[in-house]
Amino acid sequence: MKTETLGVGGKTIEQALDELSDMTSGVPPIATEEFEQRLENLQALMQEKNVGAVYLHAGTNLYYFTGLKWNPSERMVAAIVPAEGEICYIAPKFELDTLRDYWKLPAEILAWEEHESPYALLGRALNSMNVADKELLLDEATPYFIVDGIQSANPDLKIGHAQPLTEALRSRKSEAEINLIRRAHEMTLTVHAAAASILRPGITTPEVVDFIDKAHRKVGAAAGSYFCIVLFDVGTSFPHGVKDAQTLRENDWVLIDTGCLLDGYNSDITRSFCFGEPTEAHRAAWEVEKAAQIAAFDAAKVGEPCEVCDNAARASLESSGYGPDYKLPGLPHRTGHGCGLGIHEGPYLVRGEKTPLDVGMVFSSEPMLVIPDQFGIRLEDHFYMTESGPEWFTEPSHSIDDPFGINA
């Protein structure tokens with residue numbers, strides 16, 4: 001069935017999937033030398049701040065600084081990074097062979113049996129590194145039970161927050177990271193266009209979610225969709241979705257927000273369009289949303305505080321009669337977030353965020369326009385900062401009648 005909006009509808013699921021192919025070639029993973037440089041950068045910053053050691057818990061910080069991919073669980077798996085000298089890992093003894101299979105940077109492993117305390121083992125490690133009398137900074141993703149365990153086993157240990165250090169380093173992406181993020185976004189935008197093409201009356205949101213997962217796999221995302229939100233009609237006015245499945249009808253408004261992972265790096269794109277003929281209300285609101293998204297992008301200048309992007313988006317919306325501030329109809333949340341190994345990571349494009357925009361920083365621009373009980377419009381693309389200003393990873397949605405730029 002052909003709809004009025006270009007690229008929306010007209011294909012079967014099978015046809016759309018058959019047209020997709022792997023898009024991952026030519027983008028190498030992060031090299032071992034880059035992980036080594038990241039550790040050197042962290043240690044230099046620790047020395048500057050007179051920090052004794054940093055605890056990196058299983059998750060994105062552990063991977064970012066050491067190359068070890070390990071999912072967090074109820075057991076301590078971590079790296080201890082002293083301000084000077086060699087790092088070491090802490091892990092359950094039965095995981096040693098697996099850890100060695102996954103690591104990028106070999107180092108000593110302090111192993112603990114199931115009945116032993118990894119928290120006491122950490123304390124002994126700090127003593128052997130001669131940093132037990134200095135502050136230990138904990139990865140911001142460290143679970144409370146780990147924090148409590150460390151503190152209880154080492155009551156004299158000074159504990160602090162590692163996020164100011166880790167975020168300062170992670171927020172400025174390298175060329176290799178930028179290339180991975182760009183390709184992940186190109187993959188997801190291709191999937192978005194494919195998803196729009198399979199829409200038809202009667203299709204349900206779970207069916208579209210399932211298609212998007214399969215499509216992400218076809219373009220090379222081994223784990224499929226990292227997340228996926230598909231909304232129709234009034235459901236689009238709920239920024240992060242509704243609990244019940246929806247069924248598509250003629251002339252319904254559609255919002256799709258999804259992304260994938262490429263070598264651990266995230267994509268995150270949202271498109272809003274009509275399945276059929278947009279109303280005048282849709283058209284007017286879509287143009288307002290597009291203008292706000294571009295206003296945030298245009299405000300991004302090296303050296304300016306991150307909040308200028310949020311201020312610019314809100315001023316754009318308010319000039320069209322929405323808001324002010326977080327009031328609805330209008331923008332109920334921040335304008336954007338950092339993105340990399342974390343789908344949402346700091347700094348953020350939000351009022352009060354004074355961190356200066358710097359080369360290599362990556363952000364979403366998504367100042368969603370919510371009109372309660374009617375519909376919502378979110379146009380989300382990511383950009384990265386260069387010395388000359390922001391650059392898009394993917395071109396923003398072309399127009400309400402041609403959202404994917406078929407006739408651009």
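This report describes the pocket and cavity, the helix packing, the backbone geometry and several individual residues of a predicted model.

**Pocket and cavity**

Rolling a probe the size of a water molecule over the atoms shows where empty space is left. The largest pocket of the model has a volume of about 360 Å³. Its lining consists of 14 residues, of which T60, N71, L261, G264 and L341 are the closest to the pocket centre. Sorted by class, the lining of this pocket comprises 7 nonpolar, 6 polar and 1 charged residues.

Enclosed space was assessed as well, and the count comes to 1 cavity of 30 Å³ or more. The volume of the largest cavity is about 40 Å³. Its lining is formed by R314, L317, E318, Y322, G323, P324, D325, G330 and L331. By class, these lining residues divide into 4 nonpolar, 2 polar and 3 charged. Two of the cavity-lining residues, G323 and P324, are also the partners in a cis peptide bond, which is taken up again below.

**Helix packing**

Two packed helices are described by the angle between their axes and the distance between the axes. Two such pairs are set out here.

The first pair joins helix α8, residues 175-197, with helix α9, residues 205-218; their axes come within 9 Å and cross at roughly 140°. Because angles count as roughly antiparallel over 145 degrees, and this crossing falls in none of the other named ranges, α8 is oblique to α9. The crossing of α8 and α9 is right-handed.

The second pair joins helix α10, residues 280-299, with α11, and here the axes are 8 Å apart at an angle of about 150°. With the cut-off for a roughly antiparallel arrangement set at over 145 degrees, α10 and α11 are therefore roughly antiparallel to each other. The crossing of α10 and α11 is likewise right-handed.

**Backbone geometry**

Most residues other than glycine have a negative phi, and most peptide bonds are trans. The model contains departures from both tendencies, and the following table lists them.

| Site | Feature | Value |
|---|---|---|
| G323 to P324 | cis peptide bond | omega near 5° |
| G346 to P347 | cis peptide bond | omega near -5° |
| D233 | positive phi | about 55° |
| N251 | positive phi | near 65° |

The two cis bonds can be placed within the secondary structure. P324 belongs to the loop between α11 (307-319) and β12 (336-338). P347, by contrast, is part of strand β13, which spans residues 345-349.

Where do the residues with positive phi lie? D233 is found in the loop between β7 (227-232) and β8 (252-259), and N251 is also placed in the loop between β7 and β8. Neither D233 nor N251 is a glycine. The relative accessible area of D233 is 28%, so this residue is partly exposed. N251 has a relative accessibility of 42% and therefore also counts as partly exposed.

**Individual residues and their spacing**

Three further residues are described by location, accessibility and the C-alpha distance to a second residue.

V359 lies in the loop between β13 and β14 (362-365). Its relative accessibility is 35%, so V359 counts as partly exposed. V359 is separated from G303 by 56 residues in sequence, and the C-alpha atoms of the two are 9.2 Å apart in space.

I159 is located in strand β6, residues 159-161. The relative accessible area of I159 is 26%, and the residue is therefore partly exposed. Between I159 and V147 the sequence separation is 12 residues, while the C-alpha to C-alpha distance is 8.9 Å.

Is L126 buried or exposed? L126 belongs to helix α5, which covers residues 118-128. Because its relative accessibility is 2% and buried means under 20%, L126 counts as buried. L126 and L39 are 87 residues apart in sequence, with their C-alpha atoms 18 Å apart in space.

How values were computed
Residues numbered from 1 in each chain as written. Predicted model: local features only at pLDDT ≥ 70, side-chain atom pairs only at ≥ 80, totals over all residues. Heavy atoms only, no water. 1 Å grid on protein atoms, 1.4 Å probe; cavity = no way out; pocket = protein on both sides within 12 Å on 5 of 7 lines; lining within 4 Å. Points joined across faces, edges and corners; volume = space filled by probe spheres on them. Nonpolar A, V, L, I, M, F, W, Y, C, P; charged D, E, K, R; others polar. Helix = DSSP H or I, 4+ residues; strand = E, 2+ residues; numbered from the N terminus. Buried < 20%, exposed > 50% of the residue type's maximum accessible area, 1.4 Å probe, protein only. Axes fitted to C-alpha atoms, helices over the stretch in contact; angles between N-to-C directions. Parallel < 35°, antiparallel > 145°, perpendicular 65-115°, else oblique. Left-handed = near helix turned anticlockwise from the far one by under 90°.
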